[in-house]
Amino acid sequence: MTMVQPPRRRLGSLTVVSLLLAVMAALLGPTPSSAAETDWWTPTARPTPDAQVNVEGEPFKGTDSKGRVRGFVDAHDHIMSNEGFGGRLICGKPFSEQGVADALKDCPEHYPDGSLAIFDMITKGGDGKHDPDGWPTFKDWPAHDSLTHQQNYYTGIERAWRGGQRVLVNDLVSNGVICSVYFFKDRGCNEMDAIRLEAKKTYEMQSYIDSMYGGPGKGWFRIVTSSGQAREVIEQGKLAVVLGVETSEPFGCKQILDVAQCSKADIDRGLDELKELGVSSMFLCHKFDNALCGVRFDSGALGTAINVGQFLSTGTFWKTETCRGPQHDNPIGNAAAPQAEKELPEGVDVPSYASDAQCNTRGLTELGAYATRGMMKRGMMLELDHMSVKAAGQAFDILESEGYAGALSSHSWMDQNWTERLYKLGGFAAQYMGQSQGFINEARSKAALREQYKVGYGYGTDMNGVGGWPAPRGADAPNPVKYPFRSADGKSVIDKQITGERTWDFNTDGAAHYGMVPDWIEDIRGVGGQDVVDDMMAGAESYLRTWARSEDYEPSRNLASGAAAYGSTTEWWNPFTSFAPGKAIDGDTGTRWASEWKDGQWLRIDLGSAQRIGRVVLDWEAAYAKGYRIEVSQDRETWKPVWSTETGNGGLDTARFTPTDARYVRVLGVERGTKWGLSLKEVGIHSG
């Protein structure tokens, strides 16, 4: 073959191009390290071969000028979900002592061509066929729309950390019903057994990474069990890994035909065990109604399939009612799911649902309220996502009554109308990882609230969570990701990620695996979302503040305990049942004060001497006040209104007002919410 010598006049052009490339390399090149140590972030004993990280530059450390940590928060990920669901739903592992080829291999039944990739067929459609080979070719997986293959290989998480992420919540996850009906499994379906195993594997992954950096405590992947530990880890420039739990029947708390299958003792034992495992946050319900709370429905064919699972697990289908306020659950619809419906007993059909009845009838149960308070006692954060709006509202009531900040919405499953209530409480919100423009739009819709409450923002990747992730926008799309690019903090340079023979490009591959998180953030910035990226960089500090407030919680003294109570009237039922005013402050929610059936009724509490008062908590029985005032007095003659409402709806109400000194507190009913009088199970009076 004859080589043609290029014309001499082109040498000048090539020289110019070379010079331009050299200048670009200098501009994009990593900034010199200011740390005393040299390349502390580079492992000295990484296995060979392995997936690459393809990031240059030192991870940022320390705090900003105001002492705040910086960094992104992934508030919802599932590193170890391959160990749940019977062990064969998610194929591949996040790490392996035998190396990347062992970690990133498909499930046995997917060979030779994916014909038996049943879950892939269910979640993606089609015949499930794909090239099962992982390392080194990765022809068909991982992919943004493959829900059955490992997306959390450790080098991908390392790349996200190098790109600026500083908090990762690893939710330990399983579902006993999915496990039991799925064809392939290599272990039992007990959800708590799966949680224990996933926790163990997460600690093993930490040790695996430590071994590359010289021993225990040396690696970048640090499991933390307190906000103080997390802050210290982040200030060191490392990744704080928080353990959470997302399961459908925590502590065995399922319900069968509306009968709880667990007790308060089971809940206490379970919470104590989770704390011992290092868990700091959890969901009380997920996908199926259980003995603790009702769920926020899934929609469409998936919703129908999960409703079938609900029946198989509990003996009951979801039940709906008209929503009471602007918040609502997802519409179930009446879509068919033929494969799932075949699992129903003969003669049993999925019910149809009225379009104007969109809320779950099931809220937070008595056991759910007990579990919520149990989490508060242990300084744990409560995940509100997946709760029905009725359950979430009741959980908010409890948290507000105690001034407890530990509330999370980690991946867009909470009704957005609750957002201000969450921020006012001191909680933290993160948005599901979606297409960049959609993510920007949703983030900006709540930007004013974040500014008002001075909070940052997070994302929930839900990787390995069977959810689906951002698809590629295309190489020719406007404002594509241009490689290499700088990390959001400006200290590192990020190039295309390489795994074996595969090079990943966000423009053409989308969010195929965890290593594409920095690329996705760059895509958000590139399409005009710098303001959103800035809010996300403030996420780590906000998350830690919510966590710290949870840990600092101490129940305040109820000033009404031991006080004297008087009522305008008292309902008489029979000689053996008392509804006397004192029943509202006796510490027993099984008793109550009840007035006669008319407006203008009041309950007055005498604290014995002037006290500082800033919060009154009312636990209504079914007969509640729609309109009422909280009034205070020093002499029982002159009354000062400090709080009022015209939209009371019963349940647990918390009235907060500017702290003031008073001896007497009066609850004055203006308008009844029912045909009955007023009925209060308990009244709490607190300093603030």
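Cysteine 189 is partly exposed, with a relative accessible area of 24%. Its place in this predicted model makes sense once you meet its partner: cysteine 189 forms a disulfide with cysteine 179, and their sulfur atoms sit 2.0 Å apart. That partner is a buried residue, at 1% relative accessibility. Cysteine 179 belongs to helix H5 (residues 176–181), while cysteine 189 is found in the loop between H5 and helix H6 (191–212), so 10 residues separate the two along the chain. The torsion about their S-S bond is about -70 degrees, so this disulfide is left-handed.

How many disulfides does the count come to? There are five. If you number the bonded cysteines in sequence order, they pair up as 1-2, 3-4, 5-6, 7-8, 9-10.

Let's look at another of them, the one between cysteine 91 and cysteine 107, with sulfur atoms 2.0 Å apart. Like the link we began with, this one is left-handed, with -105 degrees about the S-S bond. It links distant parts of the chain, 16 residues apart: cysteine 91 is in the loop between strand S2 (72–77) and helix H2 (100–103), and cysteine 107 is in the loop between H2 and helix H3 (118–124). Are these two cysteines buried or exposed? Cysteine 91 is buried, at a relative accessible area of 0%, and cysteine 107 counts as buried too, at 4%.

Now move along to cysteine 323, which a disulfide joins to cysteine 359, 2.0 Å from S to S. Here the link is right-handed, with 105 degrees about the S-S bond. Cysteine 323 lies in the loop between strand S9 (320–321) and helix H10 (338–341), and cysteine 359 lies in strand S10 (residues 359–360), so the bond ties together parts 36 residues apart in sequence. Cysteine 323 counts as partly exposed at 21% relative accessibility, whereas cysteine 359 counts as buried at 4%.

From here, turn to the nonpolar cores. The largest one has 123 residues, and the members that touch the most others are Leu284, Met387 and Met536. Take Met387 as a guide: setting aside neighbours within four places in sequence, its contacts include Leu284, Cys285, Cys293, Val295, Leu364, Leu382, Ala392 and Ala395. Charged company turns up as well, since Arg296 and Asp329 are also among the contacts of Met387. Apart from this core lies another, of 28 residues, including Trp593, Val616, Ala625 and Ile630.

What about empty space? Searching the whole structure turns up three cavities of 30 Å³ or more. The largest holds about 130 Å³. Of the 13 residues lining it, Leu104, Pro142, Tyr153, Thr499 and His513 are the closest to its centre. Helix H4 (154–162) and strand S17 (497–499) are the elements that give two or more residues to this lining. By type, the lining divides into six nonpolar, seven polar and no charged residues.

The second largest cavity has a volume of about 90 Å³. Among the residues that line it are Ser409, Met414, Thr419, Tyr423, Gln431, Glu442, Lys446 and Tyr457. Helix H13 (419–425) and strand S13 (428–432) each supply at least two lining residues, and S13 provides the largest share, with three. What is the mix of nonpolar, polar and charged residues here? The lining has five nonpolar, five polar and two charged residues.

Methods:
Residues are numbered from 1 along each chain as its sequence is written. This is a predicted model: local features need pLDDT of at least 70, side-chain atom pairs count only at pLDDT 80 or more; totals for chains, interfaces and linings use all residues. Side-chain values use heavy atoms; hydrogens and water are left out. A nonpolar core is a set of buried Ala, Val, Leu, Ile, Met, Phe, Trp, Tyr and Cys residues joined through side-chain atoms within 4.5 Å. Buried means under 20% relative accessible area, exposed over 50%, partly exposed in between (1.4 Å probe, protein chains only). Contact means heavy atoms within 4.5 Å. On a 1 Å grid over the protein atoms alone, a cavity is a set of points where a 1.4 Å probe fits but cannot get out, and a pocket is an open set with protein on both sides within 12 Å along at least five of seven lines; lining residues have an atom within 4 Å of a point. Grid points are joined across faces, edges and corners, and a volume is the space filled by probe spheres set on the points. Helices (H or I, at least four residues) and strands (E, at least two) are DSSP runs, numbered from the N terminus. A disulfide is a pair of cysteine sulfur atoms within 2.5 Å.
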